[in-house]
Amino acid sequence: MAENNRLGFTSSLGAILAAAGGAVGLGNIWRFPYMLGQNGGGAFLLVYVLFVLLIGIPLMMTEFVIGRRAQSNVVGAYKKLGGGKKRWMALGVFGVLAALMIYAFYSVVAGWTLNYVVLSCGGKLQGLDAAAVSGVFADFTQGSFWPLFYQFLFLALTGLVITMGVQKGIEKVAKILMPVLFILLLLMCVRSLTLSGAAKGLSFLFKPDFGKINGSVVLSALGQSFFSLSIGMGAMVTYGSYIRKEDNLVKTSVWIAVCDSLVAILAGVVIFPAVFAFGMNPSSGPELVYIVLPNVFNSMPAGTLFAVVFFLLLTIAALTSTISLLEIIVAFAVEELHWKRGTASLACTLLVFLLGISCTLSFGPMKDFTLFGRTVFDLFDLLTASYIMPIGALLMTIFLGWCFPKVEVMDELTNGGRLKGRFVNLYYFILRYLAPLALLVILVSGIVG
Ligand code: TRP
């Protein structure tokens, strides 16, 4: 595809909403609350926000610079900017593979969410006691047909949006769904905050107990910030290539990070007051949203309605993220392999489904099939979040900070000198020194610990 024929986002708002849609996902509403619940509450939040500001925003800017400079998918971007060197292209390929793996396990949980929308709409969770609610979750996830069915449905829905393209698919869907997501989220906040006993949940979320900060809390917070902002494997390189040349990349990155963190914090405001108000356990892990919350909904007035709203919210968040995951792969197939967009969407969706089957069955028939002591689902999750994303991010900082001309980076960030670029020097320092160092520390401690 010729460079000037590439269709990108039509406005700065469109770019922010689309990329924020890619960032805001299950990571914010499902993973963030349970990680916070397991890692010391407010202390985790504090460390998390620090990482978003210090490392997350600069790395997002880095991905945008690479993508917009190259006007290309992630493999093409490293090929162009890396002067055709194989080792930099490999970094792009690494990104596409990571997207495949993340999409494969992410779509499992996305499928669960869709099932919970259906269950709560049909009132199937209503009036059950705690054991029965756990039973519903176990029966569903340990099965094979229905979890695969919902996973496939989710993949198909995502594929459809991607087939429609960047403007009519990705941007349009984000412009509709992101405002809906915020409205639903605020509605849920009001419900939760008006429960009696809400204050305890708020102090769990917002009052840091500094004694709880330790190595594993710090690492979890850093990993969470990467996953949540979709950093480290080219999602934002791909979206960056669709941002208009006149948009401000620094501002765009800050807005996306603010939206992303705000959604995570508001999800906490929805979940913890409710969990504490009904005397439930905040540190129950990945089940928090699927088992603890349905119990909470069962104990509150108009609980069924709020259950529907909540799972709808989660589905919307997941969908805008799966869109960003599939786009990484499809943009590569279209631009590098010269496939048609429709064919590429279909083929990549089927490929991910094939990979994803073993992730879904990890909870049921393939529970005992383990590699390195982990199920396929856990392995994909661990490999991507703890290794591939930090390694990808580290190599990316080395590429842009040490092997690419500074003047070009500055040129891209200031739009050819037209913007003041107040923070660009601080950014460059973080790019060259602070971010690689921090990434090295996470990687080493992840491997050693
Ligand atoms: N950030 C998304 C979330 O919080 C997940 C996600 C979407 C992602 N695209 C990604 C993570 C690319 C890493 C890379 O749910």
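In this predicted model, the second largest cavity is lined by Glu-63, Val-74, Tyr-78, Leu-91, Phe-94, Gly-95, Gly-232, Met-233, Gly-234, Val-237, Gly-392 and Met-396. Helices H4 (74–81), H5 and H16 (376–402) are the elements that each supply two or more of these lining residues, and H5 provides the largest share, with three. The space enclosed amounts to about 80 Å³. Sorted by class, the lining holds seven nonpolar, four polar and one charged residues.

It is helpful to set this site beside the other internal spaces. The count comes to four cavities of 30 Å³ or more, and the largest of them contains about 150 Å³ of space. Its lining comprises 15 residues, of which Gly-22, Tyr-106, Phe-227, Ser-230 and Leu-325 lie closest to the centre. Two or more lining residues come from each of the helices H1 (12–23), H5 (86–121), H10 (215–229) and H14, with H14 giving the largest share, three residues. Here the lining divides into eight nonpolar and seven polar residues, and no charged residue takes part.

Attention now turns to the packing of nonpolar side chains. The largest nonpolar core has 170 residues, and Tyr-290 and Phe-310 are those with the most contacts inside it. Helix H14, spanning residues 303–336, gives the most to this core, contributing 21 residues. Leaving aside residues up to four places away in sequence, Tyr-290 touches Trp-30, Val-109, Trp-112, Thr-113, Tyr-116, Val-133, Phe-137, Phe-311 and Leu-314. Helix H14 thus appears in two settings: as the leading contributor to the core and as the source of the largest share of the lining of the largest cavity.

Key
Residues are numbered from 1 along each chain as its sequence is written. This is a predicted model: local features need pLDDT of at least 70, side-chain atom pairs count only at pLDDT 80 or more; totals for chains, interfaces and linings use all residues. Side-chain values use heavy atoms; hydrogens and water are left out. A nonpolar core is a set of buried Ala, Val, Leu, Ile, Met, Phe, Trp, Tyr and Cys residues joined through side-chain atoms within 4.5 Å. Buried means under 20% relative accessible area, exposed over 50%, partly exposed in between (1.4 Å probe, protein chains only). Helices (H or I, at least four residues) and strands (E, at least two) are DSSP runs, numbered from the N terminus. Contact means heavy atoms within 4.5 Å. On a 1 Å grid over the protein atoms alone, a cavity is a set of points where a 1.4 Å probe fits but cannot get out, and a pocket is an open set with protein on both sides within 12 Å along at least five of seven lines; lining residues have an atom within 4 Å of a point. Grid points are joined across faces, edges and corners, and a volume is the space filled by probe spheres set on the points. Ala, Val, Leu, Ile, Met, Phe, Trp, Tyr, Cys and Pro count as nonpolar, Asp, Glu, Lys and Arg as charged, and the others, Gly among them, as polar.
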